[in-house]
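Work through the following exercises with the sequence and the 3D structure open beside you. Try each task before you read its solution.

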Amino acid sequence: MDAFIQMENVSMLYGNNGVRAAALRGIYLSIDAGEYVVITGESGAGKSTLLTILGGLQVPSSGAVLIKGVDLSSLSADRLADFRRETIGFIFQAYHLLPYLTARENIMVPMSPLRTSAREKAERAESLLASVGLSGKEERLPSELSGGECQRVAIARALVHDPSVLLADEPTGNLDSTTGEQILDLFSRLHKAGKTVLMVTHNRANLFRATREIRLRDGKVAEVDG
Amino acid sequence: MNIRKLAWKNLFRRKSRAVFMGLGIFLGIGTFVALASLTAQMEQAVQDKLDRFGANILITPRTEQLSLGFGDISLGGTQVAHSRLTTADEKAIRGIEMKERLRSVVPFFLAAADASGKNLVWMGVPAMEIVAARPWWKISGSPIREKGEVLLGSEVSAALDKGPGGTVVSGGRTFLVTGVLHPTGEKEDGMIIASIGEVRSLAGNFRGVTFFEVAALCKDCPVEEIVAQIGDALPGARVSAIRQVVESRKAAVDQFRRLGLGVSAIVLAIGGLMVFVTVMGSVQERTKEIGVLRAVGFRRRAILSLLFWETGWVSLLSSVSGAFIGVAAAMLAAPLFGVEKAEAAFSPALLGVAIGIVLGLLGTVPPARRAAALSPTEAIRSL
């Protein structure tokens with residue numbers, strides 16, 4: 001059986017004018033549906049680059065990325081955008097909520113190009129806010145929410161299209177340990193609900209929740225545990 | 001939440017940027033609408049004046065130059081009229097197909113007659129129509145109103161040493177001088193103006209007309225067509241449009257219109273540039289936001305749509321307010337440009353709103369294309 005996510009000999013080079021630096025070198029990776037994978041490594045090891053390539057936000061310099069059997073390099077920019085919307089939910093370390101929108105509106109942003117009625121969109125957003133424990137804070141702006149609450153809103157936004165894969169880049173990096181634990185609990189819950197979770201972190205305390213750890217060093221897979 | 005609302009919310013977040021962007025369109029459209037509206041009103045005013053003051057069609061008998069000579073000896077020449085105009089011709093003129101366009105048909109009769117011992121040219125015109133036929137005349141005294149009254153041209157007044165209140169004797173009758181014309185530089189300066197009936201009586205020609213002056217209301221109609229219809233009605237007459245005055249006045253308005261269009265084009269170009277610069281700056285500033293939107297599945301078209309909606313809102317609001325201010329400014333300025341009755345001109349305003357929206361959207365094309373072409377890689381690096 002083919003893996004849910006597959007990377008074959010993926011390399012990513014940056015730079016120009018003849019000076020090139022490799023962020024990833026010949027990565028082979030295979031992740032099954034429903035796994036909770038933690039990607040660890042030192043700064044500059046290539047963790048975030050790996051995540052953005054998996055999310056179709058970056059095209060690797062060489063190699064192939066397949067998700068659910070779809071070769072991302074075969075998709076046009078628009079099809080890739082559709083694929084991201086339908087399959088992948090991104091969660092960033094700095095939340096990246098739109099500061100001029102309320103919590104409810106931020107969750108509705110990914111739905112804005114769709115022709116769904118405003119009411120349906122609002123109901124979906126409210127239900128997601130409730131699922132991440134933020135009922136009653138629908139009208140709050142990001143500036144009126146704590147870091148943990150902002151990250152919950154960001155997670156709810158990532159879940160708006162019910163994606164099968166969640167890609168999280170240091171989701172607890174800006175949070176205190178207690179709040180970070182709560183966010184990790186949320187990820188565990190989502191994993192148990194059937195989501196495939198890939199989380200970049202350099203906090204090894206996160207590892208015990210994951211089913212597997214992939215350790216990167218200098219752009220290569222150094223170790224796979226689990 | 002949809003793209004329109006997202007655009008609207010973003011505008012409120014960046015109010016000063018939106019105001020700056022809108023200011024360019026506002027000034028451009030305000031200028032355009034004010035100048036276009038003012039030009040339209042001036043054009044109307046000039047036409048109204050042309051219609052109201054003075055004639056624009058002259059009807060004279062058709063004449064031919066007849067050379068006189070014997071063998072190789074030339075004895076000069078003379079004008080020979082094919083036919084003469086009479087009072088009956090007025091009915092024919094008023095019977096043309098476009099008769100409703102004729103504001104006035106004024107007969108004139110010229111004759112040489114004695115005036116207190118001097119042989120002078122008398123101009124006969126219906127007494128009650130003198131003011132309408134020659135509105136530019138300035139009279140010391142008052143115009144003639146009834147039989148037995150005359151106006152003197154300035155040169156005649158000097159030659160006879162007569163002024164208002166004086167009398168002139170001709171054909172055994174005494175005429176009261178009611179007024180003296182200020183010098184006009186025209187032939188009237190050397191004429192005595194009296195009621196047409198009295199001049200005919202002095203000349204012994206009771207139905208004669210030397211020429212007709214016709215004032216046609218011709219804002220939207222071709223005066224040539226009226227001329228042609230009168231020509232058909234009076235085959236023996238020479239009918240000509242007094243184009244020179246009309247054309248020169250229209251040329252002045254045309255020049256103003258061209259100037260207005262030039263100024264508007266420059267201001268609109270600056271407005272478009274302001275939109276371009278503002279949206280380009282906004283795209284640079286919002287690379288991160290665009291990256292987030294791409295990450296959550298926005299297609300390039302959705303990014304384009306977002307930016308076009310933002311500019312669309314600003315363009316619409318600033319164009320409408322610019323058009324409103326332009327119309328108001330034109331109404332306020334109209335009296336300074338000789339427009340007696342200022343009116344709101346809505347056509348330039350509607351055109352201005354359309355131009356403003358198109359201008360705003362055109363100014364957005366390059367930056368929006370840049371934003372849509374922004375690769376997620378580039379956008380995501382700023383996250």
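The exercises below go from single strands to the contact between the chains.

Residues are numbered from 1 along each chain as its sequence is written, while chains are lettered from A and ligands numbered from 1 in the order in which they are written. This is a predicted model, in which local features need pLDDT of at least 70 and side-chain atom pairs count only at pLDDT 80 or more, whereas totals for chains, interfaces and linings use all residues.

**Exercise 1. Confidence in chain A**

Task: Find where in chain A confidence is lowest and where it is highest.

Solution: Begin with the term pLDDT, which is the predictor's confidence in each residue, from 0 to 100. Chain A has a mean pLDDT of 87, and 96% of its residues reach 70 or more. Then turn to the elements, where helices (H or I, at least four residues) and strands (E, at least two) are DSSP runs, numbered from the N terminus. Confidence in chain A is lowest in strand β10 (residues 220-225), with a mean of 77, and highest in strand β8 (residues 196-200), at 93.

**Exercise 2. An open sheet in chain A**

Task: State the order of the four strands in the open sheet of chain A and name the edge strands.

Solution: Recall that two strands pair if DSSP finds at least two bridges between them. The order in chain A is β2-β1-β4-β5, with antiparallel pairing. The edge strands are β2 (21-31) and β5 (70-71) of chain A, each of which pairs on one side only. Next, follow the pairs: strand β1 (residues 5-14) of chain A is joined to β4(A) by five bridges, and Glu8(A) stands opposite Ala64(A). Strand β4 (residues 62-67) of chain A pairs with β5(A) over two bridges, where Leu66(A) has Asp71(A) as its bridge partner and Ile67(A) stands opposite Val70(A). Finally, look at the hairpin of β4(A) and β5(A), which has two residues between the strands and in which Lys68(A) takes a positive phi near 50°.

**Exercise 3. A covered strand and its core**

Task: Decide whether the residues of β3(A) are buried or exposed, and find the strands that pair with β3(A).

Solution: A residue is buried if 20 or more other C-beta atoms lie within 10 Å of its own, exposed if 12 or fewer, and partly exposed in between, with C-beta atoms placed from the backbone. In strand β3 (residues 36-41) of chain A, six of the six residues are buried. Tyr36(A), Val38(A) and Thr40(A) lie on one side, and Val37(A), Ile39(A) and Gly41(A) on the other, so that both faces are covered. The strand β3(A) runs parallel to β8(A), with four bridges, and Val37(A) stands opposite Leu198(A) there. It also runs parallel to strand β9 (residues 212-217) of chain A, with five bridges, where Gly41(A) has Leu216(A) as its bridge partner.

Now place the strand in a core, meaning a set of buried Ala, Val, Leu, Ile, Met, Phe, Trp, Tyr and Cys residues joined through C-beta atoms within 7 Å. The largest nonpolar core has 115 residues, and Val37(A) and Ile39(A) are among those that touch the most other members. Helix α2 (residues 15-52) of chain B gives the largest share of this core, 12 residues.

**Exercise 4. Two sides of a helix**

Task: Explain why the buried residues of α7(B) line one face of the helix.

Solution: First list the buried residues of helix α7 (residues 223-233) of chain B, which are Ile226(B), Val227(B) and Ile230(B). Seen down the axis of α7(B), these residues fall within an arc of 100°, so they line one face; the arc is that of the directions from the helix axis to the C-beta atoms. On the other side of α7(B), Glu224(B) and Asp232(B) are exposed. The cover over the buried residues of α7(B) includes β1 (57-61), α3 (88-93), β13 (211-216) and β14 (237-241) of chain B.

**Exercise 5. Where the chains touch**

Task: Find which element gives the largest share of the side of chain B that touches chain A.

Solution: Two residues are in contact if their C-beta atoms, placed from the backbone, lie within 7 Å. By this rule, 22 residues of chain B are in contact with 25 residues of chain A. The elements that give two or more residues to this side of chain B are α1 (3-13), α9 (287-295), α10 (300-333) and α12 (376-381) of chain B, and α1(B) gives the largest share, six residues.
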